[in-house]
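Good morning, colleagues. Please take a moment with the sequence and the model on the screen before I go through a few local features.

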Amino acid sequence: MSTPDLNLLVTLDALLSEGSVARAAQRLQLSPSAMSRALSRLRQVTGDPLLVRAGRGLVPTPRALELRQQVGPLVEQALMALRPARQIDLGQLQRTFTLRSRDGFVENFGPALICRLQQQAPGVRVHFVPKLDRDSQPLREASVDLETAVIASDTSPELRTRALFRDRFIGVVRSGHPLSRGPVSLDRYLAGQHILVSHQGHDHGRLDEALQALGRQRQIITLVSGFSAALALARGSDLIAMVPEHHTRHLRAGLHSFNLPVALPEMTVSLLWHPRMEADPAHRWLRQCVHEICSAAATTLGDTQ
């Protein structure tokens, strides 16, 4: 059995990432003809066309999509193995990271994270960007370094994860709202008008599913895409919002919070990143910073309840 040419893994990774012979050639500093020959060799080795023409571009075959999940981490691990082992000098580190999260994360955890970076690595910058969907493509493409999420069935299995804190949903109304006085029973709760937070635009949520199982229903007056908008509406009206407790602690200042009259399971907010960044020392340090800050903040909130 002949020894396979492992250089083809690097070529395959570039082709599958770029989806273009010309861009892959430019990335690896090869001529387009050399890259075309490499693609021909890869087709022979794998027994699959890998990339096929669709209009003016190329699209991956199912086998190529399967390989893309495997090849990227293999190439990254090989490159890391061949680099000299070194420890980072945080005081001299110059780098910008992008962290994607839902609204509320920056308000609750951003100040402490920025303070930590200024103390330990003043040359490091963090760009916070809003998380508008659950698509993992930004992590895969390296346009995002880290993101926060609740792990679900549609979370890409290729991603690395680490739990940050446990959270639960609570009800929120303006100060002086009728629900701010006395116990909130299910009947009192359902007598009000509600705000639905739906990141995907669905017209019902997990609470509505729980209510349906009880043969009950709430009156949803409006739908918003984020927790900040829901709390802003609750602050200026008699509408009732439902938001995660830890995630919105600072956003809820001046509002009245209460336990929901329907039990919903707690959720674990986790940190996600792509396997290519697993061994990167600066990325590993930042992950640890985020974990420590979130864990400390969640513990502090638990102690004050």
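**Selected local features of the model**

A142 sits in the loop that links α6 (137–141) to β5 (146–150). Please keep in mind throughout that this is a predicted model. What is the phi angle of A142? Phi is near 70° there, a positive value in a residue other than glycine. As for its surroundings, A142 has a relative accessible area of 45%, and is therefore classed as partly exposed, given that this class covers values between 20% and 50%.

A second residue of this kind is Q29, whose phi is near 60°, again positive in a residue other than glycine. Q29 belongs to the loop between α2 (21–27) and α3 (32–46). Is Q29 buried or exposed? With a relative accessible area of 74%, Q29 is exposed, the threshold for that class being over 50%.

I turn now to D280, which is placed in the loop between β12 (267–273) and α10 (281–304). The relative accessible area of D280 is 15%, so this residue counts as buried; the cut-off is under 20%. Which backbone nitrogens does the side chain of D280 reach? One is that of A282, which lies 3.2 Å from a polar atom of the D280 side chain. Another is the backbone nitrogen of H283, at 2.8 Å. Both A282 and H283 fall within the residue range of α10 (281–304). Leaving aside residues up to four places away in sequence, D280 also touches M80 and R95.

Next, helix α9, which spans residues 227–235. Within α9, F227, A230, L231 and A234 are buried. Viewed down the helix axis, these buried residues fall within an arc of 95°, and so they line one face of α9. Against which strands does that set of buried residues pack? The partners are β7 (169–173), β8 (193–197), β9 (219–224) and β10 (241–244).

Finally, let us consider the surface. L6, L9 and L74 form a nonpolar patch there, and together they have about 280 Å² of accessible area. One member of the patch, L9, is part of helix α1, residues 7–18. L9 counts as partly exposed, because its relative accessibility is 31%. A residue enters such a patch at over 30% relative accessible area, a condition that L9 meets at 31%.

That concludes my remarks, and I welcome your comments.

Notes: Residues are numbered from 1 along each chain as its sequence is written. This is a predicted model: local features need pLDDT of at least 70, side-chain atom pairs count only at pLDDT 80 or more; totals for chains, interfaces and linings use all residues. Side-chain values use heavy atoms; hydrogens and water are left out. Helices (H or I, at least four residues) and strands (E, at least two) are DSSP runs, numbered from the N terminus. Buried means under 20% relative accessible area, exposed over 50%, partly exposed in between (1.4 Å probe, protein chains only). A polar contact is a pair of N or O atoms within 3.5 Å; within protein, one must be able to donate a hydrogen and the other to accept it, and residues adjacent in sequence count only if both atoms are side-chain atoms. Contact means heavy atoms within 4.5 Å. Patches are made of residues with over 30% relative accessible area and no salt bridge: like charges are joined within 9 Å, nonpolar side chains (Val, Leu, Ile, Met, Phe, Trp, Tyr) within 5 Å. Accessible areas come from the Shrake-Rupley method with a 1.4 Å probe; for residues, only the protein chains shown count as cover. A salt bridge is a side-chain nitrogen of Lys or Arg within 4 Å of a carboxyl oxygen of Asp or Glu. The arc is that of the directions from the helix axis to the C-beta atoms.
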